[in-house]
Amino acid sequence: MPTPSMEDYLERIYILIEEKGYARVSDIAEALEVHPSSVTKMVQKLDKSEYLVYERYRGLVLTAKGNKIGKRLVYRHELLEEFMTIIGVDKEHIYQDVEGIEHHLSWDAIDRIGDVVQFFNEKQTRIDGLREVQRKNEETNQS
Ligand SMILES: [Mn+2]
C-alpha cells in the first residue's frame, strides 16, 4: 500500500493527467506546494513501486496499478467532500478537513461513508431532517 505522501502524489498526478493529458514535475510541485526536487524524489519512489514509469523525455506515465489506485484516491477525496457537504460542514473547511482525514480511513470506512451518502441522497426528506436537527441544536447553543 502507498504511504499517505505517496497517495497525495498519486491523487494529484491522476488529476493532472485527466485534466491536461500529462503531469510534469513542475505542475506537480506547484499543485502540492513542494520543491521540484521533492517531486523528483517521490516520482522515483513511485516508479520503483511500479505505480508509474518515469522517462526523462517522455515524462511520466501511470502504470495500470498506478492508474487504478489514482482513480480510487480521487473517488475517495470526492466522496468525503460530498459527505462533508451533506452533514453540513462549512464549505470553507471542507477541503482541509478532507485532506486531514482521507489517508487515515480504512476502505471499509470509505464504503460505509458511501452508504451514508447514498442514504441521504436517496431522499431529500432525509437531508431536510438532518438540517432540522442542526437548526434545533444551533438554537439550543445560542440560548
Ligand atoms: Mn486529497
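**Figure 1. Glutamate 50 in the loop between helix 3 and strand 1.** Glutamate 50 sits in the loop that runs between helix 3 and strand 1 (52–55). This is a predicted model, as are the views that follow. The phi angle of glutamate 50 is near 65°, a positive value in a residue other than glycine. Most residues other than glycine have a negative phi. Glutamate 50 has 55% relative accessibility and therefore counts as exposed, the threshold being over 50%.

**Figure 2. Glutamate 33 in the loop between helix 2 and helix 3.** The loop shown here lies between helix 2 (25–32) and helix 3 (36–48), and glutamate 33 is part of it. Glutamate 33 is not a glycine, although its phi is positive, at about 55°. With a relative accessibility of 74%, glutamate 33 counts as exposed.

**Figure 3. The manganese ion and its donor atoms.** The manganese ion is coordinated by Glu11, His77, Glu99 and Glu102. Glu11 and Glu102 each appear with two OE donors, Glu99 with OE and His77 with ND1. The coordination distances run from 2.2 to 2.7 Å. The six donor atoms subtend angles of 49 to 147° around the manganese ion, so the arrangement is irregular. Along the sequence, the donor residues follow the spacing E-x65-H-x21-E-x2-E. Within this set, histidine 77 and glutamate 102 link distant parts of the chain, 25 residues apart. Histidine 77 belongs to helix 4 (residues 64–86), whereas glutamate 102 is in the loop between helix 5 and helix 6.

**Figure 4. Residues of one annotated binding site.** An unreviewed UniProt entry places the feature "binding site" at Glu11, His77, Glu99 and Glu102. These residues span 92 residues in sequence, but no two of their C-alpha atoms are more than 11.3 Å apart, so they gather at one spot. Glu11 and Glu99 from this set are included in the lining of the largest pocket.

**Figure 5. Residues of a second "binding site" annotation.** The unreviewed UniProt entry also has a "binding site" annotation that covers Asp8, Glu99, Glu102 and His103. The span in sequence is 96 residues, yet no two of the C-alpha atoms are more than 9.7 Å apart, so these residues too gather at one spot. From this set, Asp8 and Glu99 are in the lining of the largest pocket.

**Figure 6. Glutamate 11 and its surroundings.** Glutamate 11 is a residue of helix 1 (residues 4–20). Its relative accessibility is 4%, so glutamate 11 counts as buried. Beyond its neighbours within four places in sequence, glutamate 11 is in contact with Leu73, Val74, His77, Glu99 and Glu102. Among these contacts, His77, Glu99 and Glu102 are also donor residues of the manganese ion.

**Figure 7. Histidine 77 and its polar contacts with two glutamates.** Histidine 77 has 7% relative accessibility and therefore counts as buried. The side chain of histidine 77 makes a polar contact of 3.2 Å with that of glutamate 99. Another polar contact, of 3.1 Å, joins the side chains of histidine 77 and glutamate 102. Glutamate 99 is in helix 5. With neighbours within four places in sequence left aside, glutamate 99 is in contact with Asp8, Glu11 and His77.

**Figure 8. Glutamate 102 in the loop after helix 5.** The loop that holds glutamate 102 lies between helix 5 (91–101) and helix 6 (107–122). Glutamate 102 has 0% relative accessibility and so counts as buried. Leaving out neighbours within four places in sequence, its contacts are Asp8, Glu11, Arg76, His77 and Leu80. Glu11 and His77, both in this list, share the manganese ion with Glu102 as donor residues.

**Figure 9. Glutamate 7 and arginine 76.** Glutamate 7 is in helix 1. Its relative accessible area is 5%, so glutamate 7 is buried, the limit for that class being under 20%. The side chains of glutamate 7 and arginine 76 are joined by a polar contact of 2.8 Å. If residues up to four places away in sequence are not counted, glutamate 7 touches Pro2, Leu73, Arg76 and His103. His103 is also covered by a "binding site" annotation in UniProt. Leu73 is likewise in contact with glutamate 11, and Arg76 with glutamate 102.

Notes
Residues numbered from 1 in each chain as written. Predicted model: local features only at pLDDT ≥ 70, side-chain atom pairs only at ≥ 80, totals over all residues. Heavy atoms only, no water. UniProt positions renumbered as here; feature names shortened; annotations may be inferred. 1 Å grid on protein atoms, 1.4 Å probe; cavity = no way out; pocket = protein on both sides within 12 Å on 5 of 7 lines; lining within 4 Å. Helix = DSSP H or I, 4+ residues; strand = E, 2+ residues; numbered from the N terminus. Buried < 20%, exposed > 50% of the residue type's maximum accessible area, 1.4 Å probe, protein only. Contact = heavy atoms within 4.5 Å. Donors = N, O, S within 2.8 Å, 3.2 Å for Na, K, Ca; no water. Tetrahedral: all angles 85-135°; square planar, octahedral: opposite > 155°, others 65-115°. Polar contact = N/O pair within 3.5 Å; in protein donor to acceptor, adjacent residues only side chain to side chain.
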